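Colleague: I would like a close look at one part of this model, taken slowly enough for a first-year student to follow. Could you begin with a single residue and work outwards from there?

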Amino acid sequence: MPKSKAGPAPSEPDEPPASASPAGESERPRDAVATRLLECALDKIRERGLAVTVDHIGFEEVIKAAGVSRATAYRRWPSRQAFLSDVIAAAVQRVRLTPEGVDDVRALKGYLESTALDWADAQQRRNAVVALLHIAVQADFERTLGSTDTQTYYGLTATCRNMQDTEVRAAAQAALKSAAARMAGYRSRIYRLLPDRMGYRLAPGLDPDTGFDLMSDAAGAMMYGLTVTAYNDPGFATRTFPTAAWGSTEVEEWTAPAHHLVGLVLSYLQPDPDIVWDEDRIARVRGDIAELEAFVEQMVREDWGK
């Protein structure tokens, strides 16, 4: 997890200054003023990263950066802790965990177009599925690791546990849970699409209605652990080792995060024995990937506004 470039903020008054409001300012701060202060605080988070707490965000520093009078700011937030509580709530609301995108699907499509595969051969299909998953999860991990929103989300998760205000803590935790559920739901929709196109289905014992949700939750939990590990040991994200992994006969260079994630996904799936790999089925594979590209583009645009 990135460390703040600045140490803890100096001690600040917990009560508003006695000075009167400058002429022309209303007795209660306008919404625009509060928004300006919160935006400045969120800029500090984006610049420095959110560590285990938000103690390094100084209220006085933010007031100065926002160009707002101290009297106005302290009327809106009587104490620094009240201000930081609102900062946390605003930061949670703006977190957007980064999903798989069109570029990932295009990478899968590029692999299929550049590789001569005999889809009628079970081993070649397995090799292709492992390779495609390898490409997808490695890209997903790198994007997650480099996302400032992910760093903020993980930092907020730790921060909320230590908040003294129970109501603010409960609201923040609910918002964090909602952000995680949204991301898990997106991944679950992707997981429902890909296996069928590659000739796989859920492993025995998994409910068809909830199995992909379960897999998505497990992948999200593992991604969290792998990302935190990489924050503490950057080499963990880049060290590779050669192996023919997870039933493939092709030796590839793997990072530990990609190896773990692909293994988890495949533990939820099995080849569908009911699929007949005739010429019509094989011809559908490439067309399905092209359709998936358009579907993901639409889903990202609708869900994330991109």
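Modeller: Let us begin with Phe-141 in this predicted model, which, once its neighbours within four places in sequence are set aside, is in contact with Met-223, Leu-226, Thr-227, Ala-230, Ala-237, Pro-257 and Leu-261. Apart from the nonpolar core discussed next lies another core, of 31 residues, with Ala-41, Phe-59, Leu-84 and Ala-91 among them.

Phe-141 also has a place in the largest nonpolar core, which has 39 residues, and there Trp-119, Phe-141 and Met-198 are the residues with the most contacts inside the core. Several elements build this core, since at least two residues each are supplied by helix H5 (102–114), H6, strand E1 (200–202), helix H9 (211–232) and helix H10 (256–267). The largest share comes from H6, which gives nine residues.

From the core we can follow the helices outwards, and here a general remark helps: two packed helices are described by the angle between their axes and by the distance between those axes. Helix H6 (residues 122–146) and helix H7 (residues 148–161) have axes that come within 5 Å and cross at roughly 65 degrees. Because angles of 65 to 115 degrees count as roughly perpendicular, H6 is roughly perpendicular to H7. On the H6 side the contact is made by Thr-144, Leu-145 and Gly-146, and on the H7 side by Thr-148, Thr-150, Gln-151 and Tyr-154. Sorted by class, the residues of this contact of H6 with H7 are two nonpolar and five polar, with no charged residue.

H7 also meets H9, and in this pair the axes come within 12 Å and cross at roughly 100 degrees. That angle makes H7 roughly perpendicular to H9. Thr-150, Gln-151 and Tyr-154 make the contact from H7, while Met-223, Tyr-224, Thr-227, Val-228 and Tyr-231 make it from H9. The classes in the contact of H7 with H9 are five nonpolar, three polar and no charged residues. You may recognise Met-223 and Thr-227 of H9, as both are also in contact with Phe-141.

Further along H7 we find Thr-159, which counts as buried because its relative accessibility is 6%, where buried means under 20%. The C-alpha atom of Thr-159 is separated by 8.6 Å from that of Ile-88, although the two residues are 71 apart along the chain. Ile-88 leads us to helix H4 (residues 80–94), in which Arg-80, Phe-83, Leu-84, Ser-85, Val-87, Ile-88, Ala-90, Ala-91 and Val-92 are buried. The length of H4 can be checked as well: its 15 residues, at 1.5 Å a residue, should span 21 Å, and this agrees with the 21 Å between its end C-alpha atoms. Two of the buried residues of H4, Leu-84 and Ala-91, are among the members of the core of 31 residues.

A few other residues help to complete the picture around these helices. Leu-112 lies in helix H5 and is buried, with a relative accessible area of 4%; its C-alpha atom and that of Ala-131 are 9.9 Å apart, for residues separated by 19 places along the chain. Ala-283, in helix H11 (residues 279–304), counts as exposed because its relative accessibility is 56%. The C-alpha atoms of Ala-283 and Trp-119 are separated by 9.7 Å, with their positions 164 residues apart along the chain. Ala-170 belongs to helix H8 (residues 166–197) and counts as partly exposed, at 44% relative accessibility; it is ten residues from Cys-160 in sequence and 8.3 Å from Cys-160 in space, C-alpha to C-alpha.

One residue in a loop deserves a careful look too, namely Trp-246, which lies between strand E2 (240–243) and strand E3 (252–255). Most residues other than glycine have a negative phi, whereas phi of Trp-246 is near 55 degrees, a positive value. With 34% relative accessibility, Trp-246 counts as partly exposed.

Finally, we can step back to the protein as a whole, which has eleven helices and four strands. Buried residues make up 46% of its 306 residues, and among contacts between residues at least 6 apart in sequence, 75% join residues at least 24 apart.

Key:
Residues are numbered from 1 along each chain as its sequence is written. This is a predicted model: local features need pLDDT of at least 70, side-chain atom pairs count only at pLDDT 80 or more; totals for chains, interfaces and linings use all residues. Side-chain values use heavy atoms; hydrogens and water are left out. Axes are lines fitted to C-alpha atoms, for helices over the stretch in contact, and angles run from 0 to 180 degrees between N-to-C directions. Angles under 35 degrees count as roughly parallel, over 145 as roughly antiparallel, 65 to 115 as roughly perpendicular and the rest as oblique. Contact means heavy atoms within 4.5 Å. Ala, Val, Leu, Ile, Met, Phe, Trp, Tyr, Cys and Pro count as nonpolar, Asp, Glu, Lys and Arg as charged, and the others, Gly among them, as polar. The expected span of a helix is 1.5 Å times one less than its number of residues. Buried means under 20% relative accessible area, exposed over 50%, partly exposed in between (1.4 Å probe, protein chains only). A nonpolar core is a set of buried Ala, Val, Leu, Ile, Met, Phe, Trp, Tyr and Cys residues joined through side-chain atoms within 4.5 Å.
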